[in-house]
Every structure is written in C-alpha cells, then in structure tokens.
Amino acid sequence: MSETFFYTQIGTDIEEAARWLEAGQCVAIPTETVYGLAANALEPAAVVRIFETKNRPAFDPLIVHVLDAAAAEAYAEACPPLLRRLAERFWPGPLTILLPKRAIVPDLVTSGLPRVALRAPAHPLTRRLLVRLSFPLAAPSANPFGYVSPTTAQHVYEQLQGKIPYILDGGLCAVGIESTIVGMEDDALVVYRLGGVPLEAIEKEVNTPIAVRSHSVSNPAAPGMLTTHYAPRKRLLLWPSADLWPTSAQESELGLLLFRRRQQLPPHTRCIVLSETGDLAEAAQNLFAALRTFDSADDVETIWAEQCPDVGLGRAINDRLRRAAARKA
Ligand code: TXA
Ligand code: MG
C-alpha cells in the first residue's frame, strides 16, 4: 500500500528532495524532457512506490537516471563503442541508452528484461540532486499511466497531489517531449522511441541510417511503447491535410491544435498554436501543455490536431499525436 500525504510541497530545495528519496519515498523531479517520478533505483521497496503511485503495470520498465557515463558503468555491462559514442555526444541530454544490466539493478526496475535503460538528464536542479545522492534515480514520466507527460510542476501537482511528499520545481521543461530511446540488435543501432534527440542527429553522428522500431504492442524490447499512450481523455483526431479544414470544423466544441499560425481560422473554435513561426523545438515544448489545456476546457469535446513536417523533432511530435489519437479514434 502506498501512503497518502496530507500535503504535497512544491519547491526548489535539493536537501528536502534528497531526504525524502533517502527515506525511500517518491519525489517528482524536473528534467529537460518532462518531469519524472523518482525513487532510489537500487531499493525495490522504493521502486514499488513508483508503480503504485502511477498505476503503472509491472511489465513496463523504468529508466535509471545517472549523472554521467562514468556513473552509468556501475549499472551496465560493457558498452558497445557506437552507444558509447552517442552517450559522449548527447549526454547530458534527452537520450536513453539500453545496455545489458548488472545484477545490482533490481529486476523490478527492468521488469525482468536483460537490459537496463540509462539516461543522464540535463536539468541543473536534478543534476545537483544526483551529485548529492549516493544512488541513481529510477523515474518514469510523472503522470498516471497512459496519460500525457507533465512539463511543469503544476501539471504534476494536479495529478499526484496527496500521493507524493515533494515536487522539485524546475520550471517549464525545455524540450517538452520524452527522451529518444536507443539500443543495439545484432550490432545495429535501433531507435525504440522517437524523442528529444532527433533521429537525423543520431544518424549524422554514426554516419548510417538507423531502424526505428517504436510501435510495439508487438515489441517486447520496449513493452511500454503501447500504441495507445500519451493520450488525453478527450477524443483526438489527426487532421489529415494542412490544406483542408476538417469537415467538422464548423462544429462548436472543437479544439484545433495547430502546428503553426494560419491566416484564417474557422469561427467558433478554440485554437492553440504550438509555434507561431512553425519552429519544431518550440512546438515540442508546448505540445503536452496544449493537450492538457484542451482536456480541461469545458467548451472542447474533440481535439483536431495538425501534424508537423515529419522531420527532426517533428517525427517525435507526430508519434505522440498518433498515439494520442489511437485510443479514442
Ligand atoms: O524523457 C524521458 O525519458 C522521461 C524522463 C523522466 O527521463 N522518462 C520517461 O519514462 O519518459 P517512461 O517510463 O514514461 O518511458 C520510458 C520508456 C517506457 O516505454 C519503457 O518501456 C522503456 O522506456 N524502457 C525502460 N526501461 C526499459 C528496458 N530495460 N528495456 C526496454 N525498454 C525500456
Ligand atoms: Mg511515460
């Protein structure tokens, strides 16, 4: 049974966060991608609390957050040169690397899988916390299972207040979309989840095209990548062509999620523009907050979402929109 807390505090006190974590409790932490729900990764009793608090099924493994590549060595067996190179290039940052796990990592963290997911986050507060602690932090995104990830401390508070004692407030997440997950199969790099490091940036670094295998009820390597995920409660439909208004665009109770500003908008619809100028990084940063805004708007019943150009961060944005659409289509 997880405890309930009378009061969930929001603050920037590293010591306070560290004390709760040392006591085996969960604390929400800021990262440059999204907020995480963290606990001592080496302590199964603490890790169990993460699953309970999120309502997360035990088959969905957790990312272990470390300060840097040197710290990661304690939790993974030998790192293939290609993955080492990616860590050197993109850490600290929005890249998660799957490596054969060492025995010190509890099976609970990896859901019994042979690999552990490791990431060095870039947010300065969480880096100071990791320096302060004597253990790494297991942390999934700090949202109830299946829902949109939080990108502000307030988002976390709205859903987890009373369930965790402390939220470390690092402001709005700079990237706004989860990390890219990468690993190796038969000596080839595979991307298991599109995310904050664009596929093209990885391909450029290793000078070779990389397979993406992210759709995956049928992908045991990344069991958490369910087709329906990252989903608001309301129905979300993908807007098939940027040149056509949705046929139902005249309906009231429609929320339009636009990638960029348009000259003309249908009357009587609510509209959120992810980036006035069509900048992919800005759109990624605003995406999850926009979905939450529509989800809590009384005058919106259905969300129509425009897809981004399918390049760079646009691929990850489109991936999240497709998963959000899959549930309620
Ligand atoms: O940006 C992020 O990655 C954020 C921040 C907090 O670091 N974390 C995050 O965690 O998005 P989560 O749990 O919401 O998504 C992690 C994904 C899950 O789909 C899980 O299945 C996959 O990573 N994963 C974790 N450990 C794995 C493992 N050992 N083998 C395969 N997939 C793994
Ligand atoms: Mg998540």
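At 71% relative accessibility, Asn207 counts as exposed. This residue sits in a predicted model whose protein chain has ten helices and 15 strands. Of the 329 residues in the chain, 56% are buried. Among contacts between residues at least 6 apart in sequence, 67% join residues at least 24 apart. Two open sheets are described below, one of eleven strands and one of four.

**Loop residues with unusual backbone values**

- Asn207 belongs to the loop between H8 and strand E11 (211-212).
- The phi angle of Asn207 is near 60 degrees, a positive value in a residue other than glycine.
- Asp186 also has a positive phi, near 50 degrees, and is likewise a residue other than glycine.
- The loop that holds Asp186 runs between strand E9 (180-185) and strand E10 (188-193).
- Asp186 is exposed, with a relative accessible area of 78%.
- The peptide bond from Trp91 to Pro92 is cis, and its omega is near -10 degrees.
- Pro92 is placed in the loop between H4 and strand E5 (95-100).

**The eleven-strand sheet**

- This open sheet has mixed pairing.
- Its strand order is E1-E8-E2-E3-E7-E4-E6-E5-E9-E10-E11.
- Strand E1 (9-11) and E11 stand at the edges.
- Each of these two has a single partner strand, so one side of each is left without a neighbour in the sheet.
- E1 runs parallel to strand E8 (residues 166-168), and three bridges join them.
- Within that pairing, Ile10 has Ile167 in E8 as its bridge partner.
- Helix H1 (residues 14-22) lies across E1, strand E2 (27-29), strand E3 (36-40), strand E7 (137-138) and E8.
- H1 runs at about 135 degrees to E8.

**The four-strand sheet**

- The second sheet is open too, with the order E12-E15-E13-E14 and parallel pairing.
- Its edge strands are strand E12 (235-239) and E14, and each pairs on one side only.
- On average, neighbouring strands here are turned by 20 degrees against each other, direction ignored.
- Helix H9 (residues 280-295) packs on this sheet and touches E12, E13, E14 and E15.
- The direction of H9 makes about 155 degrees with that of E14.

**Strand E13 and its two partners**

- Which strands flank E13 in the order of the sheet? They are E15 on one side and E14 on the other.
- E13 (residues 254-260) is mostly covered, with six of its seven residues buried.
- E13 pairs with strand E15 (residues 302-306) in the parallel sense, over four bridges.
- Two of the residues facing E15 can be named: Leu257 stands opposite Ala305, and Leu256 stands opposite Trp304.
- E13 and strand E14 (residues 270-275) also run parallel, joined by five bridges.
- Leu256 has a bridge partner in E14 as well, namely Cys271.
- In general, strands of a sheet pair through backbone hydrogen bonds, either parallel or antiparallel.

**Where H4 meets H8**

- The axes of helix H4 (residues 81-90) and helix H8 (residues 199-206) come within 10 Å.
- They cross at roughly 120 degrees, which means H4 is oblique to H8.
- The crossing of the two helices is right-handed.
- H4 contributes Leu82, Arg85, Leu86, Arg89 and Phe90 to the contact.
- H8 contributes Ala201, Ile202, Glu205 and Val206.
- By class, the contact of H4 with H8 has six nonpolar, no polar and three charged residues.

**Asn318 in helix H10**

- Is Asn318 buried or exposed? Asn318 is buried, with a relative accessible area of 2%.
- Its place is in helix H10 (residues 313-328).
- Leaving aside neighbours within four places in sequence, Asn318 is in contact with Gln307, Cys308, Pro309 and Asp310.

Note on methods
Residues numbered from 1 in each chain as written. Chains lettered and ligands numbered in written order. Predicted model: local features only at pLDDT ≥ 70, side-chain atom pairs only at ≥ 80, totals over all residues. Heavy atoms only, no water. Axes fitted to C-alpha atoms, helices over the stretch in contact; angles between N-to-C directions. Parallel < 35°, antiparallel > 145°, perpendicular 65-115°, else oblique. Left-handed = near helix turned anticlockwise from the far one by under 90°. Contact = heavy atoms within 4.5 Å. Nonpolar A, V, L, I, M, F, W, Y, C, P; charged D, E, K, R; others polar. Buried < 20%, exposed > 50% of the residue type's maximum accessible area, 1.4 Å probe, protein only. Pairing = 2+ DSSP bridges.
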